[in-house]
Every structure is written in structure tokens, then in C-alpha cells.
Amino acid sequence: MIVEHENHFFMIIGLMLFCVLGVITTKAELIIPDVEDPALGLPSIELPEPLLFNRKVIKLGEKLFFDPFLSRDGTISCATCHVPDQGFAENGKPFSTGIDGKKGLRNAPTLLNIAYAQSMFVDGRSDTLEEQAWQPILAHDEMGNSSVNSVLKKLKNTKEYPRLFGQFFPEGGLNKKNLAVALSSFQRTLVSGNSDYDRWYYEGEDNAMNETAQRGYQLFAGQAQCWQCHSIAGPGVLFSDNLFHNTGVSHRSKSKGLAEDLGRYEFTKLEYDKRSFKTPTLRDVAKTSPYMHDGSLRTLEDVVRFYNDGGSDDPLLSPIIGTLNLSEEDIKDLVEFLKSLSGDYNYDRVKSDKL
Ligand code: HEC
Ligand code: HEC
């Protein structure tokens, strides 16, 4: 009998150890999405170079993303402005502070679901993540380096970076392209789906979204016209048409004394692009206040009221934007719906994880 009790005792201890180890090892796992079926509500992910989307390259990209060494004076990393527990954006600040205390002119956007963006930056001036990666590293108000070569030279003088790049990139080792590939591969893992909305809409779970949010959805997809730009059709959606529109934000901000931002025009120089901006995804939007390219609207309610009033009197305002005649209750419903778009992605960095 005693023996049996002892057996139970050891079994229980064993089970407890197993659980504890289980927790530790699952914590240590970097989440790498299945590109064919990343999460409920999301389409598949297209990879420019599938062979380089592997654990080692991704971990190297993660290391670079968090390393302030990448900035001229070792003070700013990508994560300074794209903060993991603030939806990979920066909460509460219209503008982030880069090197030497310099402030930029645009609000840091979320990097969640950036794998799906068809162009980068609010004006779409880069086509891909790979093309985008060097811009913050070189921007005088972000990481402040004088040239690509100066950064590569600095990294080549470290003990680990040449070794890691040499191992993980048989072609080229530590060079301009591979650094961009590593950063991009990491960013493509930041996939966030399976929101309350997704479970309600795609799985038919009636209770996943409350009635307020359900009414908000009806408005979003109807009277309030939001769907016209924040697209919702398809088996997986990002709530963006990936196009550029003038919603009147820039004109409004200028009238309030902020510097004028010409948006897409800065890149194309086409008159009709003046003050147009990329339609952002609305997934995880509740995590990334303040809103719009210049962070000029503080809350989701402010955003909905802005649309309800018909944007601003910008002469180039999109013809889709106009007063909406929403009631106070409608406004609450829409806000509640936007809140139901937060996905279940939870970034948990394991600093001790060796490469
Ligand atoms: C000083 C703050 C700051 C730092 C540091 C910074 N970013 Fe950004 N990031 C921004 C801002 C602001 C924007 C929007 C600028 C624009 O659209 O013109 C942006 C835009 C982006 C975008 C485009 C997002 C979209 O929706 O189009 C990506 C991708 C990105 N950053 C990745 C990075 C990476 C990778 C690093 C590090 C190498 C980095 N950022 C460093 C502030 C920063
Ligand atoms: C004509 C196209 C269009 C329509 C219609 C539209 N939006 Fe937008 N939305 C945009 C664009 C473009 C931006 C970015 C504007 C900027 O940065 O200045 C944006 C930004 C937003 C943002 C801020 C996101 C962020 O991360 O900063 C929210 C929230 C939003 N829209 C919700 C809505 C809702 C709710 C509706 C319906 C009431 C709506 N939109 C209708 C194009 C549109």
C-alpha cells in the first residue's frame, strides 16, 4: 500500500515537473505562423523567398529588431517606436522620438499583420518590407546612420553578427540585402487574427461578439460606408483596400496649426494624390491609439465622430466621405465593433533564447 502511495507521489511530482517544463518550453517558442493558414480570419501569407523564412533567419531578425546598436549612437532600436506590448506601435504619442531627441512628423503604425501590406509607409513609398527596412536605419530623425556601409562596417566589427549572418545566409553573409531579409522575416511572423469578430463571422459563434458590436458591424458594412475602403469581402480580410484616399485628416490638422503633410503626393507628385494616405488595417486598432498618420485623433470615438461629421472641407476630399447622420448609440456601436477586431497574438520575447 505504502509503495502504491509513493508511486502516486512520484507520479504527481513527475506530472508537475512536466507541466512546469512544458510552460517554460512553450514560452521559449517563437511563434512562427503557418503561412498557408496563419489564423482564423486571415488569408495566406505570400513570401518573396520562402526558403529564407526559417527559424534561424527569423530569430536573427528578431535580435536586430530589438538591438539599439543598429542606430548611430546605440540608443534607438526598431522596438523603441514599434513597442511589442503596444501593438507594435507607440501608444499615447502622436510622434515618436528618434535619435538625438528628434521627433518625426508621422505616427508610428502597427506592425501587426504587416505581412499583408501591399505597400509600406502611409504614402506607400516602398513596395516591400525588404525595401522599407533600411529607411528607418538611415533616417536622420529615427536611427540616424550616415550610410549603409557605415552600418555594415559597424556590424562586421562585432563578434556575433558576421558569424550569425555567415551561418544563416550561405549566399552573401552579412550584407545589405540579407539584413533587410532578416528584419522582414521577423516582421512577417507578427500575425494577429482569431479576433472576436473572426469567431463571430467565420465560425458562427453567436456570443463571440456582443450585440452592440454586432450592430456596429451592420453600420460598418452599411450606412457608415466604412467597408468602401476598409474592405471586408473575402475569406480572409485585413480591413484595407491597400489604396490611398483623402479622408480630410491632413486638411483638418493644417487648420489646427500642424505642419501640412501631402501624403501620397510627396511620392507620386500627382495633384489628385494630395493629402491621400494608405488605408490602414483595422485589426488590433484598439491597441494603437492615437490614430491617423499624424496621431491627431486620440480615441476610436474621436475617429468615428470625425467620419460622422464628413471628414473636413478639403477640396480634394474623397467622394466616398460625407456626413453620416449617426446617432449617439450608432457611434458607440461602431466603436464597440472596432474593439472586436483585436486578434489573439501575444508577443512574448525570450531574451535568453540563444541563436
Ligand atoms: C523613431 C521611431 C521609429 C523607429 C526607430 C522605427 N520606426 Fe518604423 N515607422 C515609424 C513611423 C513614424 C512610421 C510611419 C512613417 C511613414 O509612413 O512615413 C514607420 C513605418 C514603418 C513601417 C511601415 C508600416 C506600414 O504600415 O506601412 C515598417 C514596416 C516599419 N516602420 C518597420 C521598422 C523597422 C524594421 C525599424 C527598425 C529597423 C523601424 N521601423 C524603426 C517610426 C519608427
Ligand atoms: C474613403 C475611404 C475610407 C472610408 C470610407 C473610411 N476610412 Fe477609415 N481610413 C481611411 C484612410 C485613408 C485612413 C488613414 C488616414 C490618415 O492616416 O490620415 C483611415 C483611418 C482610419 C482609422 C485609424 C487607424 C489608425 O491606425 O490610425 C480608423 C479607426 C478608421 N479609419 C475607421 C473607419 C471607420 C469606422 C469608417 C466608417 C465610419 C471609416 N474608417 C471609413 C480610409 C477610409
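Colleague: Which element gives the largest share of the shell around ligand 2?
Modeller: This is a predicted model. In it, 28 residues surround ligand 2, and the closest are Cys226, Cys229, Val249, Tyr291 and His293. Helix H13 (300-308) and helix H14 (328-339) are the elements that give two or more residues to that shell. The largest share, four residues, comes from H13.

Colleague: How many charged residues does the shell around ligand 2 have?
Modeller: Sort the shell by class. Nonpolar residues number 19 and polar residues nine. The count of charged residues around ligand 2 is no residues at all: none.

Colleague: Which element gives the most to the shell around ligand 1?
Modeller: Here 25 residues surround the ligand, with Cys78, Cys81, Gly98, Phe121 and Pro136 the closest. Two or more residues come from each of H3, helix H4 (129-132) and helix H5 (134-138). With three residues, the top contributor to the shell around ligand 1 is H3.

Colleague: And how many charged residues are in the shell around ligand 1?
Modeller: The shell around ligand 1 has 17 nonpolar residues and six polar ones. Its charged residues number two.

Colleague: Phe121 is among the closest to ligand 1. Is Phe121 buried or exposed, or in between?
Modeller: Phe121 is found in the loop between H3 and H4. Its phi is near 80°, a positive value in a residue other than glycine. It has 19 C-beta neighbours inside 10 Å, and buried needs 20 or more. So Phe121 counts as partly exposed.

Colleague: What about Phe88, buried or exposed?
Modeller: Phe88 is also found in the loop between H3 and H4. Phi of Phe88 is near 55°, again positive in a residue other than glycine. Its neighbour count is 27 other C-beta atoms within 10 Å, so Phe88 is buried.

Colleague: Where does the largest nonpolar core lie relative to the two domains, and why?
Modeller: The core has 66 residues; Leu64, Ala182, Leu183, Val303, Val304, Leu334 and Leu338 touch the most other members. Helices that give two or more residues include helix H2 (55-65), helix H7 (160-168), helix H10 (211-220), H13 and H14. The largest share, six residues, comes from H8. Domain 1 (50-187) and domain 2 (196-339) both give residues, so the core lies between them.

Colleague: Which residues is Leu334 in contact with, leaving aside its neighbours within four places in sequence?
Modeller: Leu334 is one of the core residues that touch the most other members. Contact here takes C-beta atoms within 7 Å. On that basis the partners are Gly216, Leu219, Phe220, Ala224 and Val304.

Colleague: How many residues of domain 2 are in contact with domain 1?
Modeller: The C-alpha centres of the two domains lie 28 Å apart. On the domain 1 side, 22 residues take part. They divide into eight nonpolar, ten polar and four charged. On the domain 2 side, the number is 24.

Colleague: Why is the protein chain called as compact as a globular protein of its length?
Modeller: The chain has 14 helices and two strands. Its C-alpha atoms fill a box of roughly 80 × 60 × 35 Å along the principal axes. The globule rule gives 20 Å for 355 residues, and the chain is close to that, so it is as compact as a globular protein of that length, with a radius of gyration of 23 Å.

Colleague: What share of contacts joins residues at least 24 apart in sequence?
Modeller: Of the 355 residues, 39% count as buried. Take contacts between residues at least 6 apart in sequence. The share joining residues at least 24 apart is 68%.

Colleague: Which peptide bond is cis, with omega near 0°?
Modeller: Look in the loop between strand S2 (277-278) and H13, the place of Pro290. The cis bond runs from Ser289 to Pro290.

Colleague: How far is Arg305 from Thr281, C-alpha to C-alpha?
Modeller: Arg305 is found in helix H13. With 16 C-beta neighbours inside 10 Å, Arg305 counts as partly exposed. Thr281 is 24 residues away along the chain, and the separation in space is 19 Å.

Colleague: And how far apart in space are Ala139 and Ile99?
Modeller: Ala139 lies in the loop between H5 and helix H6 (148-156). It is partly exposed, with 15 other C-beta atoms within 10 Å. Ala139 and Ile99 are 40 residues apart in sequence; C-alpha to C-alpha, the distance is 9.4 Å.

How values were computed. Residues numbered from 1 in each chain as written. Chains lettered and ligands numbered in written order. Predicted model: local features only at pLDDT ≥ 70, side-chain atom pairs only at ≥ 80, totals over all residues. Near = placed C-beta within 6 Å. Nonpolar A, V, L, I, M, F, W, Y, C, P; charged D, E, K, R; others polar. Domains from an automatic or database assignment. Contact = placed C-beta atoms within 7 Å. Core = buried A, V, L, I, M, F, W, Y, C linked by C-beta atoms within 7 Å. Buried ≥ 20, exposed ≤ 12 C-beta atoms within 10 Å, placed from the backbone. Rg over C-alpha atoms; globule rule 2.2 N^0.38 Å.
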